[in-house]
2 protein chains.
Amino acid sequence: MKKGEKRKLELLNIAYRMFISKGYENTSVDEIIAGAGIAKGTFYYHFESKKELLEAVIDMMLDREEEEAQKILGAPIPIPQKLVGVLASFRLETDEESIRDALHEPENIIMHEKTGRKIRERIIPLLSEVARQGINEGLFSCDDIPERIKIIVILANELFDRNGFSSTDIRVFIDVTEKTLGAPAGSMGFIEDFIKGDD
Amino acid sequence: MKKGEKRKLELLNIAYRMFISKGYENTSVDEIIAGAGIAKGTFYYHFESKKELLEAVIDMMLDREEEEAQKILGAPIPIPQKLVGVLASFRLETDEESIRDALHEPENIIMHEKTGRKIRERIIPLLSEVARQGINEGLFSCDDIPERIKIIVILANELFDRNGFSSTDIRVFIDVTEKTLGAPAGSMGFIEDFIKGDD
DNA sequence: CAAAACCGACTAACGGTCGGTTATTATGAT
DNA sequence: ATCATAATAACCGACCGTTAGTCGGTTTTG
């Protein structure tokens, strides 16, 4: 690996940690270069701007998440479990709980919004393929698959990525998901085991 | 009206226009006070911070939107039309098309996210009441009304508040809405006249 | 020796502060 | 009612610390 790439990766990881723990807005370039032990000029040799760094950090996060999703899709488990597994994995977004919380604080709106939007674009095609398999197996019954998956992904994201949802939210989500995909009522009740509400 | 309140309102309106047209981040306090013809100190006499100003601007926008929603709810029209009318009105968010576009540009993520979240909280109770009436009239059939309304509001917001949705998105949304509320299939097809997709 | 990587002093713009000034309103004696 | 005076509300603008970003020069690498 070339030296430049190595440094870039180092900065990416340092920035990732700082962005997550204190927010993008509250992390200064000075702090990042202090953490890396380099000078201002060096930073701007590798990145055009702080915003470009943010985009790069987000892309890195998305790569990791998509990898995780691919793992689940390749596993020998039933179709519905695959679908929900990916939804739940992409709900987690990061490995640590404290990090997840940080991602929802006001100062992290930008990061959260950007990751959310981008990850949807990546994951919808993957889940659409899974849904197609489900239809072939007779588990689901619907057309307009990508649009329906889009709806399910949006709901999972908006309903569950913050804390503050109830068990009723989960039940209704399951019901709507089943009806959206044309799955038999109750067939996806197992989702409840993946997500835990506040009450 | 007291002089202080008048000035505050003036600042609110100036800031509103600037935030919308160039984004919150790209609007400096210096520009706002130049627009109002006042000094820095005066601004900070009326507002504690730029963030507080943003919150005030957003609250002002929400008041206007909720007023609009109340108008629709008070009109002598069928229940489903009320429901959709409110969804569509809160989709518009502002009177001018150019302003709507601005609200979705990257620099306005913060404003958009904050307005979206707050307006949901305000509108869900209103629409839940409408849905209850619909059930009494035998048009809908479901329980967990607020949770189901929440889902519909989230979908309407996330699917349609940006450009870039298709007529298939609309058709699927109608289908999911009907099934979510337990309405007869096709009974809400009129929604298509409210929203126009890209294709 | 050329290109890649690095340095750090510097700048411009920003949000916010502060001590002082002017306008407005309330008060009380005549 | 009128007017002086006190009190408060509104306003001013120079100033500050922090920030993202620049640039000309230096060292390291291949």
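In the predicted model, helix 8 (residues 145-160) and helix 9 (residues 167-181) of chain A pack at an angle of about 175°, and their axes are 10 Å apart. Axes are lines fitted to C-alpha atoms, for helices over the stretch in contact, and angles run from 0 to 180 degrees between N-to-C directions. Helices (H or I, at least four residues) and strands (E, at least two) are DSSP runs numbered from the N terminus. Helix 8 of chain A and helix 9 of chain A are therefore roughly antiparallel to each other; angles under 35 degrees count as roughly parallel, over 145 as roughly antiparallel, 65 to 115 as roughly perpendicular and the rest as oblique. From helix 8 of chain A, the residues A:Arg148, A:Ile149, A:Ile152, A:Leu155, A:Ala156, A:Leu159 and A:Phe160 meet A:Asp169, A:Ile170, A:Phe173, A:Val176, A:Thr177, A:Thr180 and A:Leu181 of helix 9 of chain A, contact meaning heavy atoms within 4.5 Å. By class, the residues of this contact are ten nonpolar, two polar and two charged. Ala, Val, Leu, Ile, Met, Phe, Trp, Tyr, Cys and Pro count as nonpolar, Asp, Glu, Lys and Arg as charged, and the others, Gly among them, as polar.

In chain B, helix 8 (residues 145-160) and helix 9 (residues 167-181) pack at an angle of about 175°, with axes 10 Å apart. That makes helix 8 of chain B roughly antiparallel to helix 9 of chain B. Helix 8 of chain B contributes residues including B:Ile149, B:Ile152 and B:Leu155 to the contact, and helix 9 of chain B contributes residues including B:Ile170, B:Phe173 and B:Val176. The residues of this contact divide into ten nonpolar, two polar and two charged.

The loop between helix 7 (109-136) and helix 8 of chain A contains A:Asp144. Phi of A:Asp144 is positive, near 50°, in a residue other than glycine. In chain B, the loop between helix 7 (109-136) and helix 8 holds B:Asp144, which has a positive phi of about 50° although it is not a glycine.

The two protein chains are related by a turn of 180° and a shift of 0.1 Å along the axis, which lays chain A on chain B with an RMSD of 0.1 Å. Copies are superposed by least squares on the C-alpha atoms of residues with pLDDT of at least 70 in both. The relation is that of a two-fold axis. The same surface serves both copies, as 100% of the contact residues of chain A recur in chain B.

DNA strand C is surrounded by 18 residues, of which A:Arg7, A:Gly41, A:Thr42, A:Tyr45 and A:His46 come nearest; a residue is near a molecule or strand if one of its heavy atoms lies within 4 Å of it. Sugar or phosphate accounts for 58% of the atoms of DNA strand C within 4 Å of the protein, and bases for the rest. Polar contacts are pairs of N or O atoms within 3.5 Å; within protein, one must be able to donate a hydrogen and the other to accept it, and residues adjacent in sequence count only if both atoms are side-chain atoms. An N or O atom in the side chain of A:Tyr45 is 2.6 Å from a phosphate oxygen of DNA strand C, and an N or O atom in the side chain of A:His46 is also 2.6 Å from a phosphate oxygen of this strand. From chain B, a polar side-chain atom of B:Tyr44 lies 3.0 Å from a phosphate oxygen of DNA strand C. Two or more residues of the surface near DNA strand C come from each of helix 1 (3-22) and helix 3 of chain A and helix 3 of chain B. Helix 3 of chain A gives the most, with five residues. The surface comprises five nonpolar, eight polar and five charged residues.

Around DNA strand D there are 18 residues, the closest being B:Arg7, B:Gly41, B:Thr42, B:Tyr45 and B:His46. Of the atoms of DNA strand D that come within 4 Å of the protein, 58% belong to sugar and phosphate. An N or O atom in the side chain of B:His46 is 2.5 Å from a phosphate oxygen of DNA strand D. Backbone N or O atoms also approach phosphate oxygens of this strand, at 2.8 Å for A:Lys50 and at 3.0 Å for B:Ala39. Helix 3 of chain B supplies the largest share of the surface near DNA strand D, five residues.

Residues are numbered from 1 along each chain as its sequence is written, chains are lettered from A and ligands numbered from 1 in the order in which they are written, and side-chain values use heavy atoms, with hydrogens and water left out. In this predicted model, local features need pLDDT of at least 70 and side-chain atom pairs count only at pLDDT 80 or more, whereas totals for chains, interfaces and linings use all residues.
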